[in-house]
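The following exercises concern aromatic contacts, one helix, one pocket and the cysteines. Each task is followed by a worked solution.

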Amino acid sequence: MTSGERTVSTTALRGLACLAMAGTTWGTTGAAVEIVYRSSDFGPMAVSFWRFLGGMALLIAGAALRPARRAPRGRMLLFTGTGIALAVFQTAYFGAVEETGLAVATIVALGAAPVLTAAGGRLFLGERTGRGGALAVGGALTGLAVLVLGNQQGVVRPLGVALALLSAAGFAASSLLGRWAGRHGAGEDPYTLTLWSFGIGAAVLLPFACGEGLVPHMAHPGRVVLMLLYVAAVTTALAYPLYFAGTAAVRATTASVVMLIEPVSAAALAALLLGEHLTAATVAGTAVLLAAIVGLAVAESRSVAGS
(Lines give C-alpha, C1' and ligand atoms only; values in the text may rest on other atoms or scores of the structure.)
Protein backbone atom coordinates (compact mmCIF):
# COMPACT_ATOMS: atom_id res chain seq x y z
CA MET A 1 0.00 0.00 0.00
CA THR A 2 1.40 3.39 -0.98
CA SER A 3 1.49 6.40 1.33
CA GLY A 4 -1.37 7.97 -0.62
CA GLU A 5 -3.51 4.86 -0.23
CA ARG A 6 -2.67 4.74 3.48
CA THR A 7 -3.77 8.37 3.85
CA VAL A 8 -7.09 7.76 2.10
CA SER A 9 -7.72 4.62 4.13
CA THR A 10 -6.94 6.47 7.37
CA THR A 11 -9.33 9.26 6.38
CA ALA A 12 -12.10 6.74 5.78
CA LEU A 13 -11.48 5.04 9.13
CA ARG A 14 -11.56 8.41 10.88
CA GLY A 15 -14.84 9.15 9.13
CA LEU A 16 -16.27 5.84 10.33
CA ALA A 17 -15.13 6.62 13.88
CA CYS A 18 -16.83 10.03 13.73
CA LEU A 19 -20.05 8.43 12.52
CA ALA A 20 -19.93 5.76 15.23
CA MET A 21 -19.45 8.41 17.94
CA ALA A 22 -22.28 10.52 16.54
CA GLY A 23 -24.62 7.52 16.33
CA THR A 24 -23.79 6.42 19.87
CA THR A 25 -24.45 9.93 21.15
CA TRP A 26 -27.73 10.19 19.25
CA GLY A 27 -28.85 6.98 20.94
CA THR A 28 -29.17 8.94 24.19
CA THR A 29 -31.47 11.58 22.70
CA GLY A 30 -34.67 9.58 23.06
CA ALA A 31 -34.20 9.04 26.80
CA ALA A 32 -33.44 12.72 27.38
CA VAL A 33 -36.42 13.89 25.33
CA GLU A 34 -38.68 11.35 27.06
CA ILE A 35 -37.75 12.95 30.41
CA VAL A 36 -38.62 16.36 28.93
CA TYR A 37 -42.02 15.06 27.78
CA ARG A 38 -42.77 13.55 31.18
CA SER A 39 -41.77 16.72 33.02
CA SER A 40 -43.50 19.31 30.80
CA ASP A 41 -46.03 19.99 28.06
CA PHE A 42 -43.38 20.38 25.38
CA GLY A 43 -44.28 19.09 21.93
CA PRO A 44 -41.94 17.70 19.24
CA MET A 45 -41.80 20.96 17.25
CA ALA A 46 -40.85 23.01 20.30
CA VAL A 47 -38.24 20.50 21.45
CA SER A 48 -36.73 20.41 17.95
CA PHE A 49 -36.65 24.22 17.77
CA TRP A 50 -34.87 24.62 21.12
CA ARG A 51 -32.48 21.82 20.21
CA PHE A 52 -31.48 23.56 16.99
CA LEU A 53 -31.34 27.02 18.57
CA GLY A 54 -29.30 25.82 21.55
CA GLY A 55 -26.89 23.90 19.34
CA MET A 56 -26.45 26.93 17.09
CA ALA A 57 -25.75 29.20 20.07
CA LEU A 58 -23.08 26.84 21.39
CA LEU A 59 -21.45 26.57 17.96
CA ILE A 60 -21.43 30.37 17.59
CA ALA A 61 -19.71 30.61 20.97
CA GLY A 62 -17.18 28.02 19.88
CA ALA A 63 -16.60 29.85 16.61
CA ALA A 64 -14.85 32.62 18.55
CA LEU A 65 -11.99 30.16 19.14
CA ARG A 66 -11.73 29.23 15.47
CA PRO A 67 -10.21 31.14 12.54
CA ALA A 68 -12.74 33.46 10.92
CA ARG A 69 -14.31 31.91 7.82
CA ARG A 70 -16.91 33.49 5.62
CA ALA A 71 -19.65 31.35 4.12
CA PRO A 72 -19.38 31.46 0.32
CA ARG A 73 -22.47 32.89 -1.35
CA GLY A 74 -22.69 29.96 -3.69
CA ARG A 75 -23.09 27.57 -0.76
CA MET A 76 -26.25 29.09 0.74
CA LEU A 77 -28.34 26.59 -1.22
CA LEU A 78 -26.35 23.77 0.40
CA PHE A 79 -26.82 25.23 3.88
CA THR A 80 -30.53 25.79 3.30
CA GLY A 81 -31.09 22.30 1.93
CA THR A 82 -29.23 20.67 4.82
CA GLY A 83 -31.06 22.73 7.42
CA ILE A 84 -34.46 21.83 5.99
CA ALA A 85 -33.46 18.16 5.64
CA LEU A 86 -32.41 17.95 9.29
CA ALA A 87 -35.57 19.71 10.46
CA VAL A 88 -37.72 17.29 8.45
CA PHE A 89 -35.74 14.26 9.64
CA GLN A 90 -36.07 15.11 13.32
CA THR A 91 -39.63 16.42 13.58
CA ALA A 92 -41.17 13.87 11.18
CA TYR A 93 -39.65 11.05 13.24
CA PHE A 94 -41.04 12.48 16.49
CA GLY A 95 -44.44 12.75 14.81
CA ALA A 96 -44.25 9.18 13.53
CA VAL A 97 -43.47 7.85 17.00
CA GLU A 98 -46.47 9.73 18.39
CA GLU A 99 -48.78 8.55 15.58
CA THR A 100 -47.90 4.88 15.09
CA GLY A 101 -45.62 3.95 17.99
CA LEU A 102 -41.89 3.59 18.50
CA ALA A 103 -41.51 0.14 16.92
CA VAL A 104 -43.10 0.88 13.55
CA ALA A 105 -41.69 4.40 13.34
CA THR A 106 -38.16 3.16 14.01
CA ILE A 107 -38.21 0.23 11.61
CA VAL A 108 -39.66 2.35 8.79
CA ALA A 109 -37.54 5.49 9.31
CA LEU A 110 -34.16 3.98 10.15
CA GLY A 111 -34.74 0.96 7.93
CA ALA A 112 -35.71 2.99 4.86
CA ALA A 113 -32.90 5.54 5.27
CA PRO A 114 -30.05 3.32 3.97
CA VAL A 115 -32.17 2.22 1.01
CA LEU A 116 -33.08 5.80 0.06
CA THR A 117 -29.49 6.91 0.60
CA ALA A 118 -28.11 4.12 -1.57
CA ALA A 119 -30.55 5.02 -4.34
CA GLY A 120 -29.74 8.71 -4.03
CA GLY A 121 -25.99 8.07 -3.95
CA ARG A 122 -26.25 6.03 -7.14
CA LEU A 123 -28.47 8.57 -8.94
CA PHE A 124 -26.93 11.86 -7.84
CA LEU A 125 -23.36 11.06 -6.77
CA GLY A 126 -22.55 8.14 -9.06
CA GLU A 127 -21.61 5.94 -6.08
CA ARG A 128 -21.77 2.19 -6.55
CA THR A 129 -22.97 0.20 -3.60
CA GLY A 130 -21.35 -3.05 -4.79
CA ARG A 131 -22.24 -6.58 -3.79
CA GLY A 132 -20.67 -6.25 -0.35
CA GLY A 133 -22.46 -2.98 0.31
CA ALA A 134 -25.80 -4.42 -0.79
CA LEU A 135 -25.35 -7.42 1.51
CA ALA A 136 -24.43 -5.09 4.39
CA VAL A 137 -27.54 -2.97 3.80
CA GLY A 138 -29.68 -6.12 3.77
CA GLY A 139 -28.03 -7.34 6.94
CA ALA A 140 -28.56 -3.99 8.64
CA LEU A 141 -32.25 -3.99 7.72
CA THR A 142 -32.59 -7.53 9.05
CA GLY A 143 -30.86 -6.67 12.30
CA LEU A 144 -32.95 -3.56 12.80
CA ALA A 145 -36.15 -5.50 12.14
CA VAL A 146 -35.20 -8.13 14.72
CA LEU A 147 -34.13 -5.48 17.24
CA VAL A 148 -37.34 -3.45 16.99
CA LEU A 149 -40.12 -5.83 15.97
CA GLY A 150 -38.84 -8.64 18.14
CA ASN A 151 -39.48 -6.59 21.27
CA GLN A 152 -42.54 -4.48 20.67
CA GLN A 153 -45.77 -4.72 18.74
CA GLY A 154 -47.25 -1.53 17.35
CA VAL A 155 -50.30 -0.62 15.34
CA VAL A 156 -49.42 0.35 11.78
CA ARG A 157 -51.15 3.61 10.88
CA PRO A 158 -50.80 5.08 7.38
CA LEU A 159 -50.09 8.62 8.58
CA GLY A 160 -47.40 7.38 10.95
CA VAL A 161 -45.77 5.31 8.20
CA ALA A 162 -45.86 8.31 5.86
CA LEU A 163 -44.19 10.50 8.49
CA ALA A 164 -41.53 7.84 9.10
CA LEU A 165 -40.79 7.66 5.36
CA LEU A 166 -40.59 11.46 5.28
CA SER A 167 -38.11 11.30 8.16
CA ALA A 168 -36.03 8.71 6.27
CA ALA A 169 -36.03 10.97 3.22
CA GLY A 170 -34.81 13.88 5.32
CA PHE A 171 -31.99 11.78 6.76
CA ALA A 172 -31.02 10.50 3.33
CA ALA A 173 -30.98 14.06 1.95
CA SER A 174 -28.72 15.28 4.75
CA SER A 175 -26.36 12.34 4.20
CA LEU A 176 -26.17 12.99 0.46
CA LEU A 177 -25.64 16.72 0.95
CA GLY A 178 -22.92 16.04 3.52
CA ARG A 179 -21.16 13.70 1.12
CA TRP A 180 -21.50 16.22 -1.73
CA ALA A 181 -20.04 18.93 0.50
CA GLY A 182 -17.08 16.67 1.22
CA ARG A 183 -16.40 16.40 -2.51
CA HIS A 184 -17.15 19.99 -3.57
CA GLY A 185 -17.01 21.89 -0.29
CA ALA A 186 -14.92 24.78 -1.60
CA GLY A 187 -14.07 26.01 1.86
CA GLU A 188 -16.85 25.04 4.26
CA ASP A 189 -15.97 22.51 6.93
CA PRO A 190 -18.34 20.32 8.99
CA TYR A 191 -18.45 22.93 11.78
CA THR A 192 -19.56 25.70 9.43
CA LEU A 193 -22.06 23.47 7.66
CA THR A 194 -23.58 22.40 10.97
CA LEU A 195 -23.83 25.95 12.33
CA TRP A 196 -25.58 27.31 9.25
CA SER A 197 -27.86 24.28 8.99
CA PHE A 198 -28.98 24.69 12.60
CA GLY A 199 -29.77 28.36 12.08
CA ILE A 200 -31.84 27.66 8.99
CA GLY A 201 -33.51 24.66 10.61
CA ALA A 202 -34.46 26.74 13.66
CA ALA A 203 -35.95 29.43 11.41
CA VAL A 204 -38.00 26.81 9.56
CA LEU A 205 -39.27 25.30 12.82
CA LEU A 206 -40.03 28.60 14.61
CA PRO A 207 -43.62 29.17 13.35
CA PHE A 208 -44.57 25.54 14.04
CA ALA A 209 -42.99 25.68 17.50
CA CYS A 210 -44.90 28.89 18.26
CA GLY A 211 -48.13 27.15 17.33
CA GLU A 212 -47.28 24.31 19.72
CA GLY A 213 -46.05 26.60 22.50
CA LEU A 214 -42.46 27.74 22.84
CA VAL A 215 -42.49 27.82 26.65
CA PRO A 216 -45.18 25.42 27.89
CA HIS A 217 -45.95 24.47 31.47
CA MET A 218 -43.12 22.61 33.23
CA ALA A 219 -43.70 20.48 36.31
CA HIS A 220 -39.94 20.20 36.92
CA PRO A 221 -38.22 23.24 35.31
CA GLY A 222 -34.72 22.35 36.49
CA ARG A 223 -34.91 18.83 35.09
CA VAL A 224 -36.32 20.05 31.77
CA VAL A 225 -33.67 22.75 31.34
CA LEU A 226 -30.89 20.29 32.21
CA MET A 227 -32.13 17.76 29.65
CA LEU A 228 -32.55 20.41 26.96
CA LEU A 229 -29.01 21.66 27.61
CA TYR A 230 -27.72 18.11 27.30
CA VAL A 231 -29.58 17.57 24.03
CA ALA A 232 -28.34 20.90 22.64
CA ALA A 233 -24.73 20.50 23.75
CA VAL A 234 -23.94 16.78 23.43
CA THR A 235 -26.39 15.26 20.95
CA THR A 236 -26.47 18.35 18.73
CA ALA A 237 -23.50 20.75 18.91
CA LEU A 238 -21.04 17.88 19.44
CA ALA A 239 -22.64 15.05 17.46
CA TYR A 240 -23.66 16.81 14.26
CA PRO A 241 -20.19 18.13 13.33
CA LEU A 242 -18.92 14.57 13.86
CA TYR A 243 -21.71 13.30 11.62
CA PHE A 244 -20.92 15.74 8.80
CA ALA A 245 -17.19 15.04 9.13
CA GLY A 246 -17.97 11.34 8.73
CA THR A 247 -20.31 11.77 5.75
CA ALA A 248 -17.65 13.83 3.98
CA ALA A 249 -15.13 10.99 4.30
CA VAL A 250 -17.10 7.87 3.36
CA ARG A 251 -19.77 6.87 0.88
CA ALA A 252 -23.30 8.09 1.65
CA THR A 253 -24.69 4.54 1.86
CA THR A 254 -21.97 3.54 4.32
CA ALA A 255 -22.70 6.57 6.48
CA SER A 256 -26.43 5.83 6.66
CA VAL A 257 -25.88 2.20 7.67
CA VAL A 258 -23.24 3.03 10.30
CA MET A 259 -25.71 5.43 11.88
CA LEU A 260 -27.91 2.42 12.67
CA ILE A 261 -25.66 2.10 15.70
CA GLU A 262 -28.05 4.65 17.25
CA PRO A 263 -30.74 2.10 18.21
CA VAL A 264 -27.99 -0.20 19.48
CA SER A 265 -26.71 2.46 21.89
CA ALA A 266 -30.30 3.28 22.86
CA ALA A 267 -30.95 -0.37 23.76
CA ALA A 268 -27.74 -0.51 25.82
CA LEU A 269 -28.69 2.71 27.64
CA ALA A 270 -32.14 1.36 28.42
CA ALA A 271 -30.64 -1.80 29.90
CA LEU A 272 -27.90 -0.10 31.90
CA LEU A 273 -29.69 2.99 33.20
CA LEU A 274 -33.42 2.33 32.89
CA GLY A 275 -33.43 -1.27 34.06
CA GLU A 276 -34.98 -2.69 30.90
CA HIS A 277 -34.41 -6.41 30.27
CA LEU A 278 -32.19 -7.40 27.34
CA THR A 279 -34.25 -9.94 25.41
CA ALA A 280 -32.94 -12.50 22.95
CA ALA A 281 -34.30 -10.36 20.10
CA THR A 282 -32.33 -7.35 21.36
CA VAL A 283 -29.10 -9.31 21.57
CA ALA A 284 -29.60 -10.98 18.17
CA GLY A 285 -30.61 -7.78 16.40
CA THR A 286 -27.71 -5.87 17.91
CA ALA A 287 -25.24 -8.58 16.84
CA VAL A 288 -26.50 -8.54 13.23
CA LEU A 289 -26.41 -4.73 13.10
CA LEU A 290 -22.86 -4.56 14.44
CA ALA A 291 -21.75 -7.27 12.00
CA ALA A 292 -23.19 -5.23 9.11
CA ILE A 293 -21.40 -2.10 10.32
CA VAL A 294 -18.07 -3.93 10.64
CA GLY A 295 -18.54 -5.41 7.18
CA LEU A 296 -19.15 -1.97 5.73
CA ALA A 297 -16.09 -0.57 7.49
CA VAL A 298 -13.91 -3.25 5.89
CA ALA A 299 -15.50 -2.72 2.47
CA GLU A 300 -15.08 1.06 2.76
CA SER A 301 -11.38 0.75 3.63
CA ARG A 302 -10.76 -1.56 0.67
CA SER A 303 -12.78 0.66 -1.66
CA VAL A 304 -10.94 3.88 -0.87
CA ALA A 305 -7.58 2.15 -0.88
CA GLY A 306 -8.22 0.80 -4.37
CA SER A 307 -9.64 4.04 -5.78
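**Exercise 1.** How many aromatic pairs does a search of the whole structure find?

*Solution.* The model is predicted, so local features need pLDDT of at least 70 and side-chain atom pairs count only at pLDDT 80 or more, while totals for chains, interfaces and linings use all residues. Residues are numbered from 1 along each chain as its sequence is written, and side-chain values use heavy atoms, with hydrogens and water left out.

Step 1. Apply the criterion: rings of Phe, Tyr and Trp (its six-membered ring) pair if their centres lie within 6.5 Å; planes under 30 degrees apart are stacked, over 60 edge-to-face, and the rest tilted.

Step 2. The search of the whole structure yields 10 aromatic pairs. One of them joins Phe 49 and Trp 50, with 5.3 Å centre to centre and 70° between the planes, and is edge-to-face. Tyr 243 and Phe 244 form a tilted pair, at 5.2 Å centre to centre and 55° between the planes.

Step 3. Tyr 243 and Phe 244 also belong to one aromatic cluster with Trp 26, Phe 52, Phe 89, Phe 171, Phe 198 and Tyr 240.

**Exercise 2.** Classify the paired rings as buried, partly exposed or exposed.

*Solution.* Step 1. Buried means under 20% relative accessible area, exposed over 50%, and partly exposed in between (1.4 Å probe, protein chains only).

Step 2. Phe 49 is buried because its relative accessible area is 7%, whereas Trp 50, at 30%, is partly exposed.

Step 3. Tyr 243 is buried at 0%, and Phe 244 is buried at 2%.

**Exercise 3.** Which residues of α3 are buried?

*Solution.* Step 1. Helices are DSSP runs (H or I, at least four residues), numbered from the N terminus.

Step 2. The buried residues of α3 are Pro 44, Ala 46, Val 47, Ser 48, Phe 49, Arg 51, Phe 52, Gly 55, Met 56 and Leu 59.

Step 3. An α-helix has 3.6 residues a turn, so residues three or four places apart point the same way.

**Exercise 4.** Which cysteine is buried, and which is partly exposed?

*Solution.* Step 1. Cys 18 counts as buried because its relative accessibility is 17%. Cys 210, at 44%, counts as partly exposed.

Step 2. A disulfide is a pair of cysteine sulfur atoms within 2.5 Å; the search of the whole structure finds zero disulfides.

Methods: Helix = DSSP H or I, 4+ residues; strand = E, 2+ residues; numbered from the N terminus.
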